[in-house]
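This briefing covers two backbone outliers and the relation between two chains. Please read it alongside the sequence and the coordinates.

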There are 2 protein chains.
Amino acid sequence: MQNTAAPSQPDITAYMRRLGQAARVAAVQIGNATTAEKNAALEAIAQSLLDNAANILAANEKDLRAATRDPRNPLSAAMVERLTLTPERITAMADGCRQVAQLPDLIGEITDMTYQPNGLHIGKMRVPLGVIGIIYESRPNVTMDAAILCLKAGNAAILRGGSEAIHSNLAIAAALHSGLQPTGLPSAVVQLVDTTERAAVGALIQMPEYVDIVVPRGGKGLIERISREASVPVLRHLDGVCHVYIDADADCAKAIEVAYNAKARRYGICGAMETLLVAEAVAEAVLPELSRRYFARGIELRGCDKSRNLVARMKAATEEDWRTEYLDAILAVRVVHGLQQAIDHINEYGSHHTDSIITENLAHSREFLRRVDSSSVMVNASTQFADGFEYGLGAEIGISTDKLHARGPVGLQGLTCQKYIVLGDGHIRP
Amino acid sequence: MQNTAAPSQPDITAYMRRLGQAARVAAVQIGNATTAEKNAALEAIAQSLLDNAANILAANEKDLRAATRDPRNPLSAAMVERLTLTPERITAMADGCRQVAQLPDLIGEITDMTYQPNGLHIGKMRVPLGVIGIIYESRPNVTMDAAILCLKAGNAAILRGGSEAIHSNLAIAAALHSGLQPTGLPSAVVQLVDTTERAAVGALIQMPEYVDIVVPRGGKGLIERISREASVPVLRHLDGVCHVYIDADADCAKAIEVAYNAKARRYGICGAMETLLVAEAVAEAVLPELSRRYFARGIELRGCDKSRNLVARMKAATEEDWRTEYLDAILAVRVVHGLQQAIDHINEYGSHHTDSIITENLAHSREFLRRVDSSSVMVNASTQFADGFEYGLGAEIGISTDKLHARGPVGLQGLTCQKYIVLGDGHIRP
């Protein structure tokens with residue numbers, strides 16, 4: 001196992017560089033491993049997780065005691081919930097390993113091979129990115145999810161979890177390494193940063209010679225800080241200010257079901273709708289009934305003047321509401337003239353995450369698909385579907401709101417890249 | 001035309017932000033333009049270039065006089081050559097416009113549509129990146145090349161050329177805008193930064209709200225500085241320390257032709273070979289003859305001890321030589337045991353740009369293709385082919401040595417991205 005005693009503060013940069021060097025070496029080995037070798041490692045890790053469940057639960061108990069004991073730094077109930085492991089959750093993590101083993105291996109895939117006029121045969125081969133740094137909150141299951149996705153895509157991973165989960169993470173990493181050990185793959189394929197010092201994050205994001213990309217998973221503040229300070233590329237996920245637009249040509253029954261689901265199914269996920277836009281022509285047919293359902297669920301509505309004329313209990317929305325990701329039981333509502341104003345609103349106030357139109361009108365759906373500048377654009381579907389598993393990616397490392405490299409839900413493919421291959425027969429350039 | 005009088009230094013940030021705002025608005029318009037509209041604009045620009053050739057040549061004459069007059073800052077002959085426009089070069093620029101018009105339009109391309117088990121139909125649509133900043137040296141033809149590629153890919157461009165070419169660039173931009181004017185596309189689709197102040201570059205790379213990606217074209221120093229200071233993503237091209245490896249199973253006649261071409265055809269391009277690796281088993285059959293040809297061309301050779309035993313006139317190579325991009329009539333030469341050492345050398349000392357193996361051995365070619373971690377990996381072909389036109393991309397905005405987003409020669413596709421589209425029928429998530 002790579003993770004020995006945590007160093008003192010002044011040595012953290014040196015410690016992180018040692019992890020980086022080891023990861024660079026391990027990345028070459030895992031990058032050249034066969035699909036069978038990688039899948040066998042994933043199976044062995046799954047079994048080792050189950051075999052070491054008692055250790056992991058005991059370590060988690062330690063984290064939970066510390067988390068609930070410290071009066072200066074009380075964790076919210078939601079955070080404690082995320083920190084908590086159970087035998088069922090460990091089984092789910094092991095199942096996750098086996099599911100990732102069953103995903104197709106993208107490495108080595110050759111595409112777009114075409115002959116050039118001179119007979120050179122040119123195309124692209126999919127290869128691993130190399131070394132991936134993952135920075136995440138106190139959710140011990142992410143330790144395993146992130147590690148196995150990186151491994152399957154042929155990468156080495158350096159994991160930095162939240163400090164409240166340090167004992168759980170160390171126990172999970174130990175189980176992972178003991179599963180990996182007999183397979184012959186180096187343990188440095190997955191390294192857990194075993195210091196809780198914040199300086200470790202700063203070092204991780206500033207060693208481009210050892211780290212090819214950093215994936216921060218957490219609050220907006222963390223991601224903005226990392227983006228600002230990183231000298232390595234960052235796969236970013238910022239806001240999810242998602243919209244549903246109910247078009248003048250919507251089927252109102254569908255519209256009510258989808259708009260209710262997009263908000264009420266879960267508030268706290270990035271694909272939850274935060275602003276509902278309704279075409280003037282159907283506002284009266286849709287808003288009063290939909291509002292009754294939202295109110296019955298305890299959802300607060302903040303609307304424009306036209307909405308409030310139809311639904312008296314609505315509070316007044318401010319300009320700020322159009323830009324807010326509530327992640328809570330609050331919804332902004334605006335009546336718009338029609339398609340153009342809806343698209344303009346979404347592109348102006350939204351966060352380019354996930355937006356959906358409800359319409360039976362083909363031309364309107366085509367225009368919405370083309371003009372809405374978001375990572376996922378939907379027709380007649382709930383924004384809550386914005387998720388790598390729902391998209392058939394088999395797994396998800398996160399959702400990118402950036403346009404470059406990967407946009408939208410990121411699965412295995414986002415952890416790879418393509419190089420050109422050029423096959424000749426002694427070709428020289430004239 | 002967007003480009004009015006250059007502002008005083010304190011106003012440069014405000015000036016650049018005005019360009020950014022105008023580009024953001026124009027990007028929506030060009031992003032929604034049809035293929036026919038974009039191609040008509042490219043044809044009109046080509047014609048306007050020819051119609052305004054006299055103005056452009058007069059402006060270029062002004063730049064050339066200034067460049068050759070200033071004794072404090074003399075330009076090299078190569079720089080003057082690149083700065084010089086002729087009637088033939090203007091015709092070539094116009095031809096380039098027409099060729100880009102004939103390239104397929106990638107925007108709107110829908111791929112990977114598959115049904116999920118619940119009936120949602122999910123895939124990807126190719127869309128423009130938005131606003132692209134291009135920073136380049138004093139090569140006026142780049143003004144046109146960069147502008148038309150951005151336009152064809154549905155993007156707005158902000159161009160910042162080298163100060164020595166400012167009059168030429170202004171004249172080219174004026175011709176471009178006068179061609180664009182009757183087409184109805186906004187002139188802010190292409191904006192030339194008309195101040196030569198360096199602060200303009202700093203502002204351009206630090207306004208992510210207006211600029212989606214910056215492409216610096218120029219020396220390594222410029223690109224490193226921009227990468228360090230940019231808060232917008234940068235498409236980077238750093239070193240081209242390219243290798244040819246002559247395998248033990250090479251056809252020696254092919255090997256000599258390809259290795260000679262890879263160095264001697266042109267020294268100054270990034271795909272030029274900088275280090276030649278030769279398997280011990282064929283060193284004696286290949287190196288003496290190849291060296292005679294290099295020497296006859298005036299190329300200096302710097303070799304390892306084994307190479308120098310075969311070719312007495314070779315100087316001794318130092319560790320530094322293995323890492324150097326000479327871009328000149330100098331070549332480093334190393335005899336290696338065989339394939340493994342060659343691959344290790346390339347991955348350790350190379351710059352992950354373009355590397356080629358010369359072999360008739362299928363297993364060796366497969367291993368080289370898989371394990372060499374470079375943006376282009378070649379078999380039996382000269383590294384000088386590393387070029388977007390040679391790869392059939394139809395055009396090239398640059399060569400990326402980064403792994404993310406675009407790797408290797410970057411054509412139109414690298415100026416676009418993909419968003420997910422999700423088509424349902426009133427789907428709600430359980």
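In this predicted model, L327(B) sits in the loop that runs between β10 (315-316) and β11 (330-336) of chain B. Its phi is positive, about 50°, although L327(B) is not a glycine. A second non-glycine residue with positive phi is H405(B), at about 65°.

**L327(B)**
- The surroundings of L327(B) hold 15 other C-beta atoms within 10 Å.
- L327(B) is therefore classed as partly exposed, since that class lies between the limit for exposed, 12 or fewer, and the limit for buried, 20 or more.

**H405(B)**
- The loop between β14 (398-400) and β15 (408-410) of chain B contains H405(B).
- H405(B) has 20 C-beta neighbours inside 10 Å and so counts as buried, because the class begins at 20 or more.

**Relation between chains A and B**
- Chain A is superposed on chain B by a rotation of 180°, with 0.0 Å of shift along the rotation axis and an RMSD of 0.1 Å.
- The two copies are therefore related as by a two-fold rotation axis.
- In chain A, the C-alpha nearest that axis belongs to H405(A), at 1.8 Å from it.
- Both copies use the same surface: 100% of the contact residues of chain A recur in chain B.

Definitions and conventions. Residues are numbered from 1 along each chain as its sequence is written. Chains are lettered from A and ligands numbered from 1 in the order in which they are written. This is a predicted model: local features need pLDDT of at least 70, side-chain atom pairs count only at pLDDT 80 or more; totals for chains, interfaces and linings use all residues. Copies are superposed by least squares on the C-alpha atoms of residues with pLDDT of at least 70 in both. Two residues are in contact if their C-beta atoms, placed from the backbone, lie within 7 Å. Helices (H or I, at least four residues) and strands (E, at least two) are DSSP runs, numbered from the N terminus.
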